[in-house]
Amino acid sequence: MGVKVAEEWLNACSGCEISVVDLGERLLKVLELVDFVHIPVLMDHKYFGQLGDGKHIEIPEAEVGIISGSIRNEEHLEIAHEMRKKCKIIVGFGTCATHGGIPALANSYTNEEIFQRYYSTETTDRVENLPSEGIPPLLDSVYALDEKIKVDVYLPGCPPHPDQVFNALAALLGIMPLSLADKSVCDQCPTIREGKGQVKQLRRFLQSPQYNGPDEPLDKMRCLLEQGFLCMGAVTKAGCGGDKITPRCITARVPCRGCYGPVQQDGNQLLAMLNALASNGIDIKSLPEYASLLRFSGAHGMLRPERKRKEA
Amino acid sequence: MSKTIHIAPITRIEGHGSIAIHLDDAGNVKDTKVHYMSLRGFEKFIEGKPAEEVPRIVNRICGICPWHHHLASNKAVDRCFGVTIPPAARKLREFVQTVSHAEDKLLNFYFLAAPDFVMGPDANYEVRNVIGVAKANPELAAKAVRMRYMVKMILEKVGGKAIHPHAGVVGGFCRALLEEERQEFRKQLSELLDFASFTLEFAKTQVFPNYLDAVQALGVIRTGFLGTVDEDGNLALYEGKLRLMKADGTFTDFSTQDYADYLGEAVVPYSYGKFPYARCWGEGFSLDIDHPKGIYRANCLARINVADRIATPRAQAELEEFRAAFGRPAQATLLYHWARLIEDVYAYEHALELLEESDICDPNVRTPAEPRAGRGVGCVEAPRGTLIHDYSTDDNGLISRANLIVGTTHNLGPINMSVNQAAKLLIREGKVDEGILNKIEMSVRAYDP
C-alpha cells in the first residue's frame with residue numbers, strides 16, 4: 001500500500017496538474033508509491049457518492065492533501081474545508097494556492113464590475129438576470145488557501161517545475177527532506193550584473209534585449225534590468241528552473257514576471273520591486289502601470305477594488 | 001418520487017463542471033443540466049494592462065492549452081500595434097502551436113479517455129483511470145509516457161517553458177532556433193509521428209471496434225460545425241479563414257476579423273460560462289435535442305468535418321477512410337476520439353514540414369514595436385476549438401477593451417445536448433448504476449480537450 005493522497009483543483013487552470021504529468025517516466029514511479037484516493041483530473045471519485053445521491057461533499061481520508069488553485073466560490077470553500085478535515089498534511093500547490101495567482105488580478109474589481117463586462121461583451125445576448133441556478137455564488141474576492149484554511153507546505157510556481165514537484169512528493173513520502181530555499185530568481189540568474197545607477201528609465205518589453213547571436217551563452221548577456229527592462233527576478237522566489245537552476249524566462253531571454261510569488265511567503269512583490277527600482281535610481285514613474293507587478297500575488301488583500309481602496 | 005442525481009465533479013476532463021439529472025415520479029429523465037461552476041473574468045481584469053504583457057497573462061486561462069491562448073493573444077497584440085513579424089518568427093509560432101496540438105492529443109487519449117475504453121465503461125472507478133491502464137498494460141503505458149514527455153520537452157527547449165509559455169513576444173518570437181535543434185527535433189518528431197500512427201492503428205483495430213454500438217448511440221446529436229481552413233480548404237490549425245458548416249453540410253467562410261458578425265453568445269440561467277451559437281443563421285438559440293437552433297460544434301471532429309481535405313499524406317489517407325465510414329459531416333459524438341487521433345497524425349506531419357527548410361533558423365525573429373491605439377483579433381484553433389482574442393488598445397498601448405471566445409465554450413451547448421440525449425437513452429424507470437453514470441460522462445469527455 002502506498003501513501004494515501006487526495007488532490008483537488010479549485011480556482012485553477014490545470015497547469016499544476018499537467019506539471020505532475022510532465023514528470024515523465026518519474027510519474028510511473030510516483031504512481032507506484034502513491035495511492036490516490038481522490039483526484040478529479042485523473043480519477044472518477046465523486047463528491048456526492050458514486051451514485052450521485054449524497055447530500056454533502058465527501059472526500060476520503062488521506063495522509064497528504066494537495067490543493068491547486070485559489071478559493072473563488074462557495075464550493076471551493078466547502079471543498080477546501082473538507083480537504084483540511086480529511087487530510088493530515090495540506091500542500092498549497094502552485095502560486096494560485098499560495099498567493100492567488102493570475103486569477104487574483106480580479107481582486108482589483110468588484111464582482112459586479114466583472115459580471116457587467118463578461119455578460120455584456122459585443123457578442124453576448126442581453127439578459128435580465130445573471131446565472132444562479134445550481135452554480136455556487138462567488139465569494140467577494142479571490143483568496144489564497146491560507147486565508148481560509150491552515151496550510152502546512154507551500155509549493156509556489158506557475159506552474160511549479162516538475163523537478164520540484166518530484167522532490168516535494170519524495171519529501172512527503174518520507175524519502176528525502178523537503179528543502180525550498182528562500183532565494184530570489186536573481187540569486188540563480190547567470191546574466192552579468194555590473195552595478196547600480198546607469199539606467200534611469202525603464203523600457204517596455206517591445207524589442208529584443210542585446211546579446212550577440214542566438215548561440216551566445218546566457219552568462220555573456222547583460223542583466224535584463226540593467227538593460228532597462230522591468231525584470232521581477234529580485235523580488236521573486238527562486239525555483240522555476242528546477243534541478244537545472246537557470247530561471248526559465250531567462251533561458252528564453254525574456255524578463256521574469258514573478259510567477260513564483262514573493263521570496264518570503266508574506267512578502268509584497270509590488271512594494272519590494274518599487275523599492276529595488278528606487279534604490280537603483282530608476283524612476284518608478286517610467287512603469288506604465290503598477291497592478292501588473294502583483295499579477296501573481298494579488299490575494300491576501302494586496303489588490304483591491306478602487307472603491308474599497310479609498311475606504312481603507 | 002422525483003429526485004436529482006448529481007454527477008459532481010465531472011472527472012477526467014480539464015475544467016470544472018457538474019451534471020444534474022432530474023428524474024420524474026416514474027424515474028425517467030425529466031431534464032438535465034450541465035453546470036459550469038465558476039467565472040474568472042479575464043475580459044475585465046486585463047483592462048489597463050500593457051498589451052505586450054497580456055500574452056503572458058491570458059495563457060493562464062488554461063493549463064492544457066496555454067500555447068494557444070498565448071499565441072492568439074500575441075497575434076491580437078501585433079495587430080493592435082500594427083507590427084509585422086519576421087518570417088522565421090511566424091514559422092516558429094506555428095511550429096510550437098502545432099507541436100502543442102500533437103502533445104495534447106497523446107495526453108487526452110492515453111491519460112484521460114483511454115480508461116473508459118481499455119478498462120471498460122463499467123469498470124470500478126478505482127481502476128478506471130490511467131493508473132489502472134498502466135497496471136494492465138505497463139509496456140504501452142511506459143511508451144506513451146516517454147513519447148509524450150519527448151514532445152513536451154521540444155516545447156520546453158524551444159521556448160524555455162512548456163506550461164504557461166513566454167516564447168511569443170510582441171513583434172515575433174523570443175529567440176531563434178539553432179540548426180542543431182532543428183536536426184534533433186526532426187529526428188524526434190519522426191519517431192513521434194510513427195507513434196501517432198501506431199496509436200491510431202491501435203485504436204482502430206483494438207479499441208473502437210468494441211464500442212461501435214456505443215459510438216452510434218451515445219451522446220449523438222445533429223448540429224453544425226466550426227473550424228479553420230486555409231485558402232484551399234485544407235485543415236488549418238494556426239492561420240486561415242473560419243468555416244461555419246450547417247448540419248446539412250453547406251457552409252459559409254469568413255475572415256477571423258469578422259467573427260462578431262457571425263457568432264453570438266447566449267446566457268443561460270444555470271451556467272457561468274456563456275454558450276456561443278451561430279447568430280448569422282437567424283434562427284435564434286435552442287438546445288432542444290430534436291430541433292436545435294443555432295447550435296454548432298467545434299474541436300477536432302468539427303475541424304475535420306469542415307475541411308475539404310488534409311494537406312499531409314498520412315492524415316489525408318486516414319480522413320478518406322473516416323469519411324467513407326461515417327460521411328461528412330460525421331455527427332456521432334464519440335467519433336471525436338477518432339478525429340482527434342487523425343489530427344494528431346496531421347500535427348506531427350505538419351510540424352516536420354515546418355522544420356524541412358533551414359529558414360526557420362533565421363536569427364531575425366523580432367520586429368521592434370511601438371505602443372499605439374488600435375484593435376486586433378487573434379485567432380488560432382485550440383485543441384477544444386476556435387479560440388478568439390479580440391483587444392482594443394489606447395494611445396499608451398494599454399488594453400481598453402477585450403472580448404474572448406474560448407475554444408471550450410463553443411461546445412458548452414452541444415455538451416448539454418449530448419448529456420441530455422445520453423441520460424434519456426440510459427436511465428429508465430429509476431434504474432441507475434455507476435456504469436450508466438460513467439457512460440453519460442463519456443459523452444462529455446469526448447469533447448475534451
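**Figure 1. Charged, polar and nonpolar residues around the largest pocket of this predicted model.** Sort the lining of the largest pocket by residue class and you get 11 charged, 5 polar and 6 nonpolar residues. The space they surround comes to about 540 Å³. Zoom in on the centre of the largest pocket and, out of 22 lining residues, the closest ones are A:Lys244 and A:Thr251 from chain A, plus B:Glu156, B:Lys157 and B:Gly160 from chain B.

**Figure 2. Helices from chains A and B that line the largest pocket.** Chain A brings helix H6 (162-172) and helix H7 (248-251), while chain B brings helix H5 (138-159). Each of these helices puts at least two residues into the lining. H5(B) gives the largest share, with 4 residues.

**Figure 3. B:Cys174, a cysteine in no disulfide.** Don't go looking for a disulfide here: the structure has 0 of them over all chains. For B:Cys174, the nearest cysteine sulfur belongs to A:Cys249, and it sits 9.9 Å away. B:Cys174 is also tucked out of reach of the probe for the most part, so it counts as buried, at 7% relative accessibility.

**Figure 4. B:Cys280 and its closest cysteine sulfur, in B:Cys379.** What keeps B:Cys280 from bonding with B:Cys379? Their sulfurs are 15 Å apart, which is too far for a bond; a disulfide would need the pair within 2.5 Å. As for its surroundings, B:Cys280 is partly exposed, with a relative accessible area of 34%.

Conventions. Residues are numbered from 1 along each chain as its sequence is written. Chains are lettered from A and ligands numbered from 1 in the order in which they are written. This is a predicted model: local features need pLDDT of at least 70, side-chain atom pairs count only at pLDDT 80 or more; totals for chains, interfaces and linings use all residues. Side-chain values use heavy atoms; hydrogens and water are left out. On a 1 Å grid over the protein atoms alone, a cavity is a set of points where a 1.4 Å probe fits but cannot get out, and a pocket is an open set with protein on both sides within 12 Å along at least five of seven lines; lining residues have an atom within 4 Å of a point. Grid points are joined across faces, edges and corners, and a volume is the space filled by probe spheres set on the points. Ala, Val, Leu, Ile, Met, Phe, Trp, Tyr, Cys and Pro count as nonpolar, Asp, Glu, Lys and Arg as charged, and the others, Gly among them, as polar. Buried means under 20% relative accessible area, exposed over 50%, partly exposed in between (1.4 Å probe, protein chains only).
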